2 protein chains.
Amino acid sequence: MTSASARAERLDSGDGRQHTEHGLERKQQLLDAAAELFAAHGYSATRIADICTAAGVAKGLFYWYFPTKGALFAELVRTMRLRLRRTQGAVMDPTTDAVTRIADGAEASVRFMADHAAYFALLDVERSDPEVAEVLAEGAGVYLDDVRRLVEEGQRAGTIADAPSDLIAVGVLGAVSSFSNSYRNGRLGSDIAVDELAMFVRRWVLNALR
Amino acid sequence: MTSASARAERLDSGDGRQHTEHGLERKQQLLDAAAELFAAHGYSATRIADICTAAGVAKGLFYWYFPTKGALFAELVRTMRLRLRRTQGAVMDPTTDAVTRIADGAEASVRFMADHAAYFALLDVERSDPEVAEVLAEGAGVYLDDVRRLVEEGQRAGTIADAPSDLIAVGVLGAVSSFSNSYRNGRLGSDIAVDELAMFVRRWVLNALR
DNA sequence: CTGCGTCTTGACCCACGGGTCAAGTTTCGG
DNA sequence: CCGAAACTTGACCCGTGGGTCAAGACGCAG
């Protein structure tokens, strides 16, 4: 253990560094500022100096909290991924059948992505940085596994068509992201409501599964 | 008109500049080299100097043929788009019904994307450059319009479910790109054959339309 | 008060790579 | 052979922006 007499206020954030409560707040300020700037101008167009200016701190301080720009991005992505999964978990009633759970999850995801449009715009905008590419691929894999498991459960119960489960899973995830992306980019005309879209995707997914 | 006595061999490539036949070949060498490098290492990781080295010419020559790096990319994208559309056009028999045409187009697109995987890998890898972002968005719009028109035709004929045509179009395009992307990224396991995938997507699309 | 670790600053460094340029060379028509 | 325009070269320029650093401020425990 690191110094048995560690100060009470000192918090270990997982990586090596020790941050005080104030330090964690500062870190969050940087994350918030970065999220906003990334959303507005994209990842690579946002300079570290910009993030610091927006957060009202000197540039050098950035490196007190993050080793690289990509690390901050990764933290942002992982946090949002956690939130999305929690949201999905909240609506997916484990006592119902797999088909319903998939549809519920898809619908909730569409709503979530519409709510956090600015953030999700980031995800299909930057993979040049290998650090960034990795965390993104990691996310794709997680969701694919989730859905595939559910599909297989449905197939055992006979409620989902018999076809390679990974193909079906890709189809479901692809639908959610395609519709969400198009909605976000305004390719669907601004007149459509989120509710309408979410319901449409639900029906689309249900139709695909049977 | 630009010099009525223009040389016979002088070819106008659309932009202001006049290229000789040899010039066009050289330009193509650069395009080919760039395509290969982009596919291997990504857009931004490929330096102009790399492209020139690969093509066996000095760096300065690049700017004789292209105003910027993004312009070369745009030309690459537009060329490939043209090829894809031609491929689609070849399989979509105008005498058949809209549903069949959509399914044929989707199937052909999946095959085409699998054939040119290295190239298509580029498309979801780089939008930081605004020049790049524009040409990509332009492409998305074109395909969406194409499919939407077909969907509306099918709806008039009563062979496609009655729902907003742009939503259905997004779903179809999303399916094609999702499955193609997953296949390319190896998320579908390397054992699946292109034929298998193409047929699956065809059925998926047909199921979605009815 | 002292010492230590956290926190903060802003000037500085410098590799990188896109883009420029002046000086050629080649080609071809007149 | 002359001139013009296409073509080719490689050294050079320089903005950009990620990352470093030495110095100092702050806060707290002992």
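This report walks through a predicted model of two protein chains and two DNA strands.

Residues are numbered from 1 along each chain as its sequence is written, while chains are lettered from A and ligands numbered from 1 in the order in which they are written. Because the model is predicted, local features need pLDDT of at least 70 and side-chain atom pairs count only at pLDDT 80 or more, but totals for chains, interfaces and linings use all residues.

**Chain A**

Start with the secondary structure. Chain A has nine helices and two strands. Helices (H or I, at least four residues) and strands (E, at least two) are DSSP runs, numbered from the N terminus. From that end, the order is β-β-α-α-α-α-α-α-α-α-α. The C-alpha trace of chain A spans about 55 × 45 × 30 Å along its principal axes.

Of the 210 residues in chain A, 31% are buried. A residue is buried if 20 or more other C-beta atoms lie within 10 Å of its own, exposed if 12 or fewer, and partly exposed in between, with C-beta atoms placed from the backbone.

**Two copies**

How do the chains relate? A turn of 180° and a shift of 0.1 Å along the axis lay chain B on chain A with an RMSD of 0.1 Å. The copies are superposed by least squares on the C-alpha atoms of residues with pLDDT of at least 70 in both. That is the relation of a two-fold axis. Both copies use the same surface: 100% of the contact residues of chain B recur in chain A. Two residues are in contact if their C-beta atoms, placed from the backbone, lie within 7 Å.

The contact takes 26 residues from chain B and 27 residues from chain A. On the chain B side, α8 (165–184) and α9 (194–209) each give two or more residues. The largest share, nine residues, comes from α8(B). By class, this side has twelve nonpolar, nine polar and five charged residues. Here Ala, Val, Leu, Ile, Met, Phe, Trp, Tyr, Cys and Pro count as nonpolar, Asp, Glu, Lys and Arg as charged, and the others, Gly among them, as polar.

**Two helices of chain B**

In α8(B), 17 of the 20 residues are buried. Its end C-alpha atoms are 29 Å apart, which agrees with the 28 Å that 20 residues should span at 1.5 Å a residue. The expected span is 1.5 Å times one less than the number of residues. Just after α8(B), Gly186(B) takes a positive phi of about 75°.

α9(B) has 16 residues and reaches 23 Å, close to the expected 22 Å. Its buried residues include Leu197(B), Phe200(B) and Trp204(B). They fall within an arc of 165° seen down the axis, so they line one face of the helix. The arc is that of the directions from the helix axis to the C-beta atoms. What covers these residues includes α8 and α9 of chain A.

**The DNA strands**

A residue is near a strand if its C-beta atom, placed from the backbone, lies within 6 Å of it.

| DNA strand | Residues around it | Among the nearest | Largest share |
|---|---|---|---|
| C | 22 residues | Thr20(A), Gly60(B) | α3(A), four residues |
| D | 22 residues | Thr20(B), Gly60(A) | α3(B), four residues |

Which classes of residue make up the surface near DNA strand C? There are seven nonpolar, nine polar and six charged residues. The surface near DNA strand D divides into seven nonpolar, nine polar and six charged.
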